[in-house]
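Please work through the following exercises with the sequence and the three-dimensional model at hand. Each task is followed by a solution in steps.

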Amino acid sequence: MAEPLLRTDRLIKRFGGLVATDTVSIDVHPGEIHALIGPNGAGKTTLVGQITGNTVPDSGTIHFAGRDVTRLPTHARVRLGLARSFQITSVLREFTALDNVALAVQAHAGHSFRFLADARHDERLRAPARRGLEAVGLKERADTPAAALSHGEQRQLEIAMALAGDPKLLLLDEPMAGMGAEESLHMIEFLRALRGRRAILLIEHDMDAVFQLADRITVLVYGRAIASGTPDEIRANAEVRQAYLGEEAAGTA
Amino acid sequence: MATLLASLRSPRGLLTVLVLVLLAVLPLLTQAFDQRYLLSIGTRIVIWAIAAVSLNMILGYGGLVSFGHAVFFGVGGYAVGILSANGLHSGWLQWPVGILAAATWAALVGTLSLRTRGVYFIMITLAFAQLVYYIGAGLEAYGADDGLNISRSRFPGVIDLRDKASFYWLCFVLLCGTLWFCQRFANSRFGFVLRGAKSNDLRMTALGFPVFRYRLAAFTISGAFGGLAGILLANEGAYISPAMMSWIKSGDLIIIVVLGGMGTLFGPLYGAIAFFALEEFLPPLLDLGGKDWGEYWQIVFGPMLILIALYARGGIDSLLGRTEGRRNG
């Protein structure tokens, strides 16, 4: 098998007595959608934090794009091609949708120590930003302040921002959270279209979406990866059924 | 130019042009009406406006409440004063040294303080400013607490700073330059990063921006312009003293920026005009009651600030109508 794009090796993160990440080794290969699922408190957010560089692991390593990035700050990992969306929508609310994406483009257009030229008239930023908005279906909303977009539109905007730098790996933290059924469907279609072209690490609660989209699924429970495999393997896994799917079913029943 | 003409159509644009034109011809007016004293107020307004615009670069556009900005008055002023006291009178030497010293100090303070947020940032910037204040107060050779009379910077054959009108015009031109830079700065790639980080710095980091570096650069630039204001202030009174960098002056600068409108281009200028106009004219107005209430003008000024803080968040600038999204952001 080819070298994985992202590989965590025996990551451990403790908070006091709690082991939030317990010897987790996962990998994401180029072009695949790898979903990370697990009940609340399973340590998904902590794991994501370590991959993005917001949290420093106690031990273990993270390799991305052929480099050890365990100690690299967030912005440097982004430069290597790691982009993310946030669980709680995180856009620049005072800026227009187009400004938001243009800033994301700018982040990958060399340094920004340019003080005099008007960034709003810089076609090197605006043109790719407009294409990015169009790709997620927000073309008509380009000049709307991000704060005035609907929740679903803001999630789409986040995806457009994450894609702006042409990243190797998209880390999507519950992209469907808070979306209506139709919006979710639209998002699933959009992500499906990305499959094969971009690696995605998908953290998602919506099981329908996960089983539709993922090439592989890793199940996290109490900080440990208890299973990893194709959707069918995960569905058939007894431990997963008991620890997670069963629990979920019991919870919704 | 086209945007300038277009801006004339809005009340804000009209007022801005009016204010700038009035400031441009102020020496002619004060001479015509024989009100020399007004020119000295005007000079102070213009110098403080430069400092306020520079503070606005980090406070307004960067969202970083620096509570020690008057320290740059001090660093710029003392650079001129110390060189002058040692027989180095050339402005060509003094001014670059003053600006460079202020920028260097800003870079140092920024390196340490920008790692903190909120109240801690306020306290650290204040602490560094106090440090320099006490150094100034301890410089026996340069007047210590009492300050020092200095001779003005010399630009032989170019300009004589002792001439009040020439000096005023120089300050005014420098204010225009500062405003021009601030306008470009705010709308540049750099300005977008700075303003984006104010809005959501976690997001900016996740986009790949090393936010700290940009903030440090902004802090340094802001300090450099603050140093320029300090150089002008020292030349205005031909006098330096630690009082020019007391924390009260830092507070006044914040008041001016908030009063005028944070994160707006001309807000700090409006703020400086309003601040000095109130300081100058409120006391005699209150004295009209015949009971010497003028001394307590701040009893009126304080509540005015509270009202602005409560009901006019955008300061004077916001009273001029809504900003069309594209202007300064």
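The exercises below concern a predicted model, and they proceed from the overall form of one chain to its sheet, a helix, the interface and a helix pair.

**Exercise 1. Overall form of chain A**

Task: Establish how many helices and strands chain A has, and assess its compactness from the radius of gyration.

Solution. Step 1: Chain A contains nine helices and eleven strands. Step 2: Its radius of gyration is 19 Å, close to the 18 Å that the globule rule gives for 253 residues, so chain A is as compact as a globular protein of that length. Step 3: The C-alpha trace of chain A spans about 60 × 40 × 40 Å along its principal axes. Step 4: Of the 253 residues, 44% count as buried. Step 5: Among contacts in chain A with a separation of 6 or more, 66% are made by residues 24 or more positions apart.

**Exercise 2. The six-stranded sheet**

Task: Determine the strand order of the open sheet in chain A and identify its edge strands.

Solution. Step 1: The order of the six strands is β7-β8-β9-β4-β10-β11 (chain A), with mixed pairing. Step 2: The edges are β7 (82–85) and β11 (224–229) of chain A, since each pairs on one side only. Step 3: Direction ignored, neighbouring strands of this sheet are turned by 15° against each other on average. Step 4: At one edge, β7(A) runs parallel to strand β8 (residues 169–173) of chain A and is joined to it by four bridges; A:Ala83 has A:Leu170 in β8(A) as its bridge partner. Step 5: At the other edge, strand β10 (residues 216–221) of chain A pairs with β11(A) in the antiparallel sense over five bridges, and A:Val221 stands opposite A:Arg224 in β11(A).

**Exercise 3. The side chains of β7(A)**

Task: State which residues of β7(A) point one way and which the other way.

Solution. Step 1: In a regular strand, side chains alternate between the two faces of the sheet. Step 2: In β7(A), A:Leu82 and A:Arg84 point one way, whereas A:Ala83 and A:Ser85 point the other way. Step 3: All of these residues are buried.

**Exercise 4. Helix α3(A) and the contact with chain B**

Task: Decide whether α3(A) is mostly covered or mostly open, and name what covers its buried residues.

Solution. Step 1: Ten of the ten residues of α3(A) are buried, and the helix is thus mostly covered. Step 2: The buried residues include A:Asp99, A:Asn100 and A:Gln106. Step 3: The cover includes α4 (123–135) and α5 (151–164) of chain A, together with α9 (189–207) of chain B. Step 4: For the chains as a whole, 28 residues of chain A are in contact with 21 residues of chain B. Step 5: On the side of chain A that touches chain B, α2 (74–79) and α3 (97–106) of chain A are the elements giving two or more residues; α2(A) supplies the largest share, four residues. Step 6: That side divides into 13 nonpolar, eight polar and seven charged residues.

**Exercise 5. A helix pair in chain B**

Task: Describe how α5(B) and α7(B) pack and which residues meet.

Solution. Step 1: Helix α5 (residues 71–85) and helix α7 (residues 118–138) of chain B pack at an angle of about 35°, with their axes 9 Å apart. Step 2: Their crossing is left-handed. Step 3: B:Val71, B:Gly74, B:Val75 and B:Tyr78 in α5(B) meet B:Phe128, B:Ala129, B:Val132, B:Tyr133 and B:Gly136 in α7(B). Step 4: The residues of this contact divide into seven nonpolar, two polar and no charged.

Terms used. Residues are numbered from 1 along each chain as its sequence is written. Chains are lettered from A and ligands numbered from 1 in the order in which they are written. This is a predicted model: local features need pLDDT of at least 70, side-chain atom pairs count only at pLDDT 80 or more; totals for chains, interfaces and linings use all residues. Axes are lines fitted to C-alpha atoms, for helices over the stretch in contact, and angles run from 0 to 180 degrees between N-to-C directions. A crossing is left-handed if the near helix is turned anticlockwise from the far one by less than a right angle, and right-handed if clockwise. Two residues are in contact if their C-beta atoms, placed from the backbone, lie within 7 Å. Ala, Val, Leu, Ile, Met, Phe, Trp, Tyr, Cys and Pro count as nonpolar, Asp, Glu, Lys and Arg as charged, and the others, Gly among them, as polar. The radius of gyration is taken over C-alpha atoms; the globule rule is 2.2 Å times the number of residues to the power 0.38. A residue is buried if 20 or more other C-beta atoms lie within 10 Å of its own, exposed if 12 or fewer, and partly exposed in between; C-beta atoms are placed from the backbone. Two strands pair if DSSP finds at least two bridges between them.
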